[in-house]
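Thank you all for making the time this morning. I would like to walk you through one structure, slowly, beginning with its aromatic side chains and then turning to its ligand.

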Amino acid sequence: MAGPPMRILGIETSCDETAAAVVEDGARVLSSVVASQEHLHAKYGGVVPEIACRAHVEAVVPTIDQAIQRAGLTLDALDAVAVTTCPGLIGALLIGVAAAKTLSWLLGVPLAAVNHIEAHLYAPALDAPLDYPLVGLIASGGHTMLLHATSPVDIAVVGTTTDDAAGEAFDKAASVLGLSYPGGPAIDRAARGGNPKAVAFPRTMLEPGSSDFSFSGIKTAVLYECYGRNARGRGNAPPPPEAVPDLAASFQEAVVDVLVEKSVRAALSRGVGTLVAGGGVACNSRLRARLAEEAAKVGLRVRFAPPALCTDNAAMVAGLGHHLLTAGREAPLDVTPTPYLPFSRSLRKGKV
Ligand code: KG4
Ligand code: ZN
């Protein structure tokens, strides 16, 4: 017989969103609050770590309060606390981790230490259960990875970016095109009126069969396309507005082609039935359409998190925390955050 519901408070402060959420039994989202700092970083065209940390310090307690209130609970109803401990900006991670440890100690409830990328992979399960094993594409502002999961907590890396993340390429290309920050949603919107075949931007596949990614070349290609080979990295006037939709659509199509081809190939070569896509770039309308189309052709189920759970949030952290704790993986109170990714690459034998 199932025990009483397990209500976990999730806390996420790895980058530029201060987020808290309460999730029951790893599946039902009782509340999910995200205090975005986007407006603070917009004028710099990227996340400024010092500004991010100061904003987390101000927002972390009110955000946790709101999450508990919106769940209709009080602090003493919480059964555990889960927090992102890696990867991310170290100063930003420390703030969420300090809050989580304090609550865990005060309430006398267990603590779960969550890997942010693994949490992105879990996010679609908050909509409906996931079938394992699966392959997941996690594409965000800081990471682009292909993962193989045999359960929510048994995950290995299949491929990763060798330079820029896909989201970073969207943000930089948008800045060259004179679009707003963050660039992903701006390019997605601008591309709707454009021709994806107008410019043949490079599709970097690396060596044949590789599951790794590279997006630095396309970023430079957008700059050269707009300003010629002597373009400076900064200080260029944006291209004329009428040229932007074709450039945005062509850039987006090239990035999506690479993400889709490598993801479908990795899923087929691992023999899984489900392909998951998460992280901020998985909000992209063209990526969602193309991945669904290509996966259907080869009989793969494709699962996306709802857009609000693709970008950074704490519901995915609380959800995965439930599985870590039920697997007996409670974190000690002296757990320390790390900016790096402690993933196993053991499954990465040869190419897929
Ligand atoms: O997962 P996320 O919220 O934060 C990180 O962990 O990085 O991802 C943010 C990234 C940004 O680079 C943003 O431009 C991108 O996701 N993004 C998109 C879209 N929405 C957000 N990229 C392409 N199309 C979108 N619709
Ligand atoms: Zn993220």
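**Aromatic pairs and the ligand shell**

The structure holds two aromatic pairs, meaning rings of Phe, Tyr or Trp (its six-membered ring) with centres within 6.5 Å, where planes under 30 degrees apart count as stacked, over 60 as edge-to-face and the rest as tilted. Please keep in mind that this is a predicted model, in which local features need pLDDT of at least 70 and side-chain atom pairs count only at pLDDT 80 or more, while totals for chains, interfaces and linings use all residues. Residues are numbered from 1 along each chain as written, chains are lettered from A and ligands numbered from 1 in the order written, and side-chain values use heavy atoms, without hydrogens and water.

F170 and F251 make an edge-to-face pair, 5.1 Å centre to centre with 85° between the planes. F170 is buried at 2% relative accessible area, and F251 is buried at 0%, where buried means under 20%, exposed over 50% and partly exposed in between (1.4 Å probe, protein chains only). The rings of F213 and F215 are stacked, because their centres lie 5.9 Å apart and their planes meet at 15°.

Where, then, does ligand 1 lie? Domain 1 (7-125 + 310-349) and domain 2 (132-304) both contribute residues to its shell, so ligand 1 lies between them; these bounds come from an automatic or database domain assignment. By class, that shell has six nonpolar, 12 polar and three charged residues, with Ala, Val, Leu, Ile, Met, Phe, Trp, Tyr, Cys and Pro counted as nonpolar, Asp, Glu, Lys and Arg as charged, and the others, Gly among them, as polar.
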